[in-house]
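User: I am new to this structure and would like a close look at a single part of it, with its surroundings explained step by step.
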Amino acid sequence: MSNNDHSTSRRKFLKNTGIGVAGTIVASTLSVTGSVAEEAKNISLPDSPHVSKTLLKMAKDIYPHEMIQNKYYQKIVDDLAKQQKRLIDEGVAMLDEQSIAKLGSPFLQVNYEPDRVRLLRSIEETTFFIKVRTALMFGLYDNPELFPLFGYQGSSVEKGGYLNRGLNDLDWLSE
Amino acid sequence: MTNIAKFALDDDSLVVIIGSGAGGGTVANELAQKGISSVVLEAGKRFTLEDLKNNEWEMFMKLSWLDKRISAGGWHHSKNHTNLPAWIVKGVGGSSIHWAGVSLRFKPHEFKMKSTNGNIEGANVADWPVTYEEVAPYYVKAEHKMGVTGKATDTPDLPESSHTKLHRIAAERTGMTFTNAPMAINSVPNDGRPACQQIGFCMQGCRIGAKWSTMYTEIPKAEATGLCEIRPNCMVLKIEHDKSGKATGVLYVDKDGNKKLQKARIVCVAANSIESPRLLLNSASEMFPDGLANSSGQVGRNYMGHVTGGVYGVFPEPVNMHRGTSVPSLITSEQANNPERGFVAGYTLEVLSLGLGFLSAFLKPGTSGWGRETAEALENYQNMAGVWICGEDLPVATNRITLHPTEKDQHGLPVPVITKTDHNNDVVMRNHAYSQMAKLYKSVGATKMHNLPAYPSSHNMGTNRMSEHPSDGVVNKWGQAHDVPNLFISDGSQFVTSAAVNPTLTIVALAIRQADHIAGLMKSGQV
């Protein structure tokens, strides 16, 4: 499968997330899916560097992986910020507002990880957070470019499956 | 094919079959082989093998039935899978495209759970009006039709994978019973289809057709007789009847949005356990105010999935569970009905791999499934092994399919509401399974375990159940509606109880048996 097909399917999924396999994180986005097309028409570039940096920090708290380079996180959240500008801008503003109220500074300047995580936990049911998390879930874990980092091999049919390719190579358990 | 059938809408000599999965597709082919003509109305489109990709989410989007449904009741789906109570397929071949291929027979006692355990408070348990002995010859036919590996057809088991090896050794160390799964997946070329290449992605549709699916077995065979017309992209809205209460035809909307009425001599409903009762309820009329064939009030009730959940263990070294068939083997020690464990009925532990994409969504479904712990768990993907619990789910009258009072789908039909709450027996059984899994995985060095709640249900049963007496259920032992003699239920919704095994083999066995019965009734002019 080409990368192009792949990202199309992911976009399609994100557009249809109301049907909900990934649970509430997906189901709750139903309320905003109706406005996706409308918002897409109103994309205005460039993105705010503050929004972009805040989303990166947030992304790395949501699914922290030392082994994944920042550029992967960045692309996922920037794409989302372009697709749903108003929702994301308002979400980041809300996050900063709460961060200042609870922790005394905007989210980007909170250095202590447990504080950031507690703050994110408190907004994990908001549409904003769910949108960001869902985009990350698909962007990181349904991304063939990153599969090798997890030891996942993805599509195998084009390689003839595993019949003669390591199907039963487990050798660390004694009979 | 040279001779594809095309029948007229006013042809009232036909069997009209609604749905083309394991039930509908099998009935269509069995009737065709006996010279009986049918039209199959399938809501979904027709796929080709080339459409089937090795990608979990892409195939989820392509294959799933995603029309709006609402989860309600006490199960976690009400919160975490709000609009996806069930995970089934919309397409020619139905959920036989998605099924993993596990082909286990019910055990004799699983046809008579009421006699076995007596009344169970809060449950609507009944015996089937048909016995294991009556179904057994049809199990044999189904196993041969589907090419079930192992003893069933005297063909080799599929080869051992690392995922299987880990479970086999764990079972040996803990004294549990291990077996290779009898699979409707060719271990040797059979029926014009190739042998399995251990590709994985069984549940995304088998790209090479090694797994039995009506999509490329029963359906094309039925069409090749020139006696079966498949109409994809046709959503049935209503079953019509005459003044005597006999079904006369089926109103449907085609791919261009045109409403059409196909006349019928016999109607077989095989649209899976949500859509089948929904259709009967939507077919209410002056004569049948509570829905067609619903004088018992049981249409839509006793909705069963399986008592289920997932368990994924983390091990010190790689397992590579994704290599090979999705369900390669089973632990069967807990299948018996042994109330001393604190619950009635039994369960099977089915070794099941998930890909990284699905695992990230199901490891901890719900709004809190993120953070360092989740990320770390996923980094262990390569070292994980897993099972899916398949336990008998008790029928409960209030677990049911109803029609939403105001919300309508794209066809103007009321959206189905799927209400389900665990019976206490389910809870005790699931916890028993989790604890058995902990024993099993610790014996082979697990460093961590993840207990996953139920996935959206692919096993859906019971909402048009069989009964001996018309007051207790919707259909008789042949799947024939008590109230409407030329209306049949041909899918898992006719199940009385759910057993500790996957439903497909039993759906196919009952469909073969039903087709025999229909042919007999037609011959003698009874319908």
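Which residues of chain B does UniProt give for the feature "domain: Glucose-methanol-choline oxidoreductase C-terminal"?

Analyst: This is a predicted model, and the UniProt record, an unreviewed entry, places that feature at residues 395-511 of chain B. In the model, the C-alpha atoms at the two ends of residues 395-511 lie 22 Å apart, and the span is 23% helix and 20% strand.

One strand to follow from here is strand 17 (487-489) of chain B, an edge strand that pairs on one side only, as does the other edge strand, strand 5 (228-231). Both belong to an open sheet of five strands in chain B, which runs in the order 5-2-1-9-17 with parallel pairing, and the twist from one strand to the next averages 20°. Within this sheet, strand 1 (residues 15-18) and strand 9 (residues 266-269) of chain B pair in the parallel sense over four bridges, and B:Ile18 has B:Val269 of strand 9 as its bridge partner.

A link across the sequence can be followed through B:Leu440, whose C-alpha atom is 9.4 Å from that of B:Glu172, although 268 residues separate the two in sequence. B:Glu172 itself sits in helix 6 (residues 162-174) of chain B, and B:Glu172 counts as partly exposed because 13 other C-beta atoms lie within 10 Å, whereas a residue is buried if 20 or more do so and exposed if 12 or fewer do.

Turning to the partner chain, 52 residues of chain B are in contact with 51 residues of chain A. On the side of chain A that touches chain B, the elements giving two or more residues include helix 1 (3-15) and helix 9 (127-141) of chain A, and by class this side has 26 nonpolar, 17 polar and eight charged residues.

Technical notes: Residues numbered from 1 in each chain as written. Chains lettered and ligands numbered in written order. Predicted model: local features only at pLDDT ≥ 70, side-chain atom pairs only at ≥ 80, totals over all residues. Contact = placed C-beta atoms within 7 Å. Nonpolar A, V, L, I, M, F, W, Y, C, P; charged D, E, K, R; others polar. UniProt positions renumbered as here; feature names shortened; annotations may be inferred. Pairing = 2+ DSSP bridges. Axes fitted to C-alpha atoms, helices over the stretch in contact; angles between N-to-C directions.
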